[in-house]
Amino acid sequence: MLVYQEYNFDIVLLYKFMKKLLIIIFIFSSTSSFAVEKRTTFTKEIFNKAQSEGKIVVVSSWTKYCSSCASQMKVLDKAKNEFDNIEFLTFEIKNKEIANLLNVQYQTTLLIFKDNKEVYRSIGETTKELIYDALKSSI
């Protein structure tokens, strides 16, 4: 009987340890994917002005707890430094006025406008190569 009690005690300790470990792993993994600052930079005025100046306009949608949005934003933040004459704008998908204006229904939607027309649309694209290819093809 004593052996059984010791074994049972070890299982309880192991269970408590594993529970704490999983919580710690979840906290670190979730916060690191959201390290990119997410804020709405899209306004109709900026969007229209950039288009009237002949710039290519890239618009991406995001939501607060979206890791693919954070991944896409990291790629777009790097692209800002590598591409000239492109205006990068973002908006939170909860902003229904902007979402309806652009006909966007999903987070991580990426739009590219050139000459006042939408020339590219993707949903969930986070791969640097594919996003850069889309940017290059719109130049």
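The questions and answers below walk through a predicted model of one protein.

Reader: Let's start with the overall build. In what pattern do the helices and strands follow one another along the sequence?

Author: Happy to begin there. The protein has five helices and four strands. Read from start to end, these elements come in the order α-α-β-α-β-α-β-β-α.

Reader: What share of the contacts with a separation of 6 or more joins residues 24 or more positions apart?

Author: Two other totals set the scene nicely. Of the 139 residues in the protein, 35% are buried. The accessible surface is about 9,300 Å², with 57% of it belonging to carbon and sulfur atoms. As for contacts with a separation of 6 or more, the share from residues 24 or more positions apart is 69%.

Reader: Now to charged side chains. How many salt bridges does the whole structure hold?

Author: Side chains of opposite charge can pair when their charged atoms come close. One such case is Lys49 with Glu53, at 3.7 Å from N to O. A search of the whole structure gives a count of six.

Reader: Is Lys49 buried or exposed?

Author: The cut-off for exposed is over 50% relative accessible area. Lys49 has 51%, while its partner Glu53, at 44%, is partly exposed. Because its value is 51%, Lys49 counts as exposed.

Reader: Which lysine meets Glu53 in a salt bridge at 3.9 Å?

Author: Glu53 also pairs with Lys49, at 3.7 Å. The partner at 3.9 Å is partly exposed, with a relative accessibility of 23%. That residue is Lys55.

Reader: What is the N to O distance in the salt bridge of Arg121 and Glu118?

Author: Both partners are in the middle class of exposure: Arg121 has a relative accessible area of 33% and is partly exposed, and Glu118 is partly exposed at 35%. Their side chains meet in a salt bridge with an N to O distance of 2.8 Å.

Reader: Which residues do salt bridges with shared partners join into one network?

Author: Glu53 is a good place to look, with salt bridges to Lys49 and to Lys55. Following the shared partners gives one network of Lys49, Glu53, Lys55 and Glu87.

Reader: On to the aromatic rings. How is the pair of Phe42 and Phe47 classed?

Author: A pair of aromatic rings is described by the distance of the centres and the angle of the planes. The count of such pairs here is four. For Phe42 and Phe47 the centres are 5.3 Å apart and the planes stand at 40°, so the pair is tilted.

Reader: Which residues do ring pairs link into a cluster?

Author: The two rings just discussed are both members, and both are buried: Phe42 has 4% relative accessibility, and Phe47 has 8%. The cluster is made up of Phe42, Phe47, Phe91 and Phe113.

Reader: Which residue lies over the face of Tyr132?

Author: This one combines a charge with a ring. The distance from the ring centre of Tyr132 is 5.1 Å. The residue over its face is Lys128.

Reader: What is the hand of the link between Cys66 and Cys69?

Author: A disulfide is a covalent bond between the sulfur atoms of two cysteines. The structure holds one, formed by Cys66 and Cys69 with their sulfur atoms 2.4 Å apart. Both Cys66 and Cys69 are buried. With 80° about the S-S bond, their link is right-handed.

Reader: Leaving out residues up to four places away in sequence, which residues does Gln51 touch?

Author: Gln51 is in helix H2, which spans residues 44-52. Its relative accessible area is 13%, so it counts as buried. Beyond its sequence neighbours, Gln51 touches Val57, Phe113 and Asn116.

Reader: How far apart in space are the C-alpha atoms of Ser138 and Phe113?

Author: Ser138 is in helix H5, residues 128-138. In sequence, Ser138 and Phe113 are 25 residues apart. From C-alpha to C-alpha, the distance in space is 8.1 Å.

Reader: One last stop: beyond four places in sequence, with which residues is Ser138 in contact?

Author: The cut-off for buried is under 20% relative accessible area. Ser138 has 4%, so it is buried. Beyond its sequence neighbours, the contacts of Ser138 are Ile56, Ile112, Lys114 and Val119.

Key
Residues are numbered from 1 along each chain as its sequence is written. This is a predicted model: local features need pLDDT of at least 70, side-chain atom pairs count only at pLDDT 80 or more; totals for chains, interfaces and linings use all residues. Side-chain values use heavy atoms; hydrogens and water are left out. A salt bridge is a side-chain nitrogen of Lys or Arg within 4 Å of a carboxyl oxygen of Asp or Glu. Buried means under 20% relative accessible area, exposed over 50%, partly exposed in between (1.4 Å probe, protein chains only). Rings of Phe, Tyr and Trp (its six-membered ring) pair if their centres lie within 6.5 Å; planes under 30 degrees apart count as stacked, over 60 as edge-to-face and the rest as tilted. A charge sits over a ring if NZ of Lys or CZ of Arg is within 6 Å of the ring centre and within 35 degrees of the ring normal. A disulfide is a pair of cysteine sulfur atoms within 2.5 Å. Helices (H or I, at least four residues) and strands (E, at least two) are DSSP runs, numbered from the N terminus. Contact means heavy atoms within 4.5 Å. Accessible areas come from the Shrake-Rupley method with a 1.4 Å probe; for residues, only the protein chains shown count as cover.
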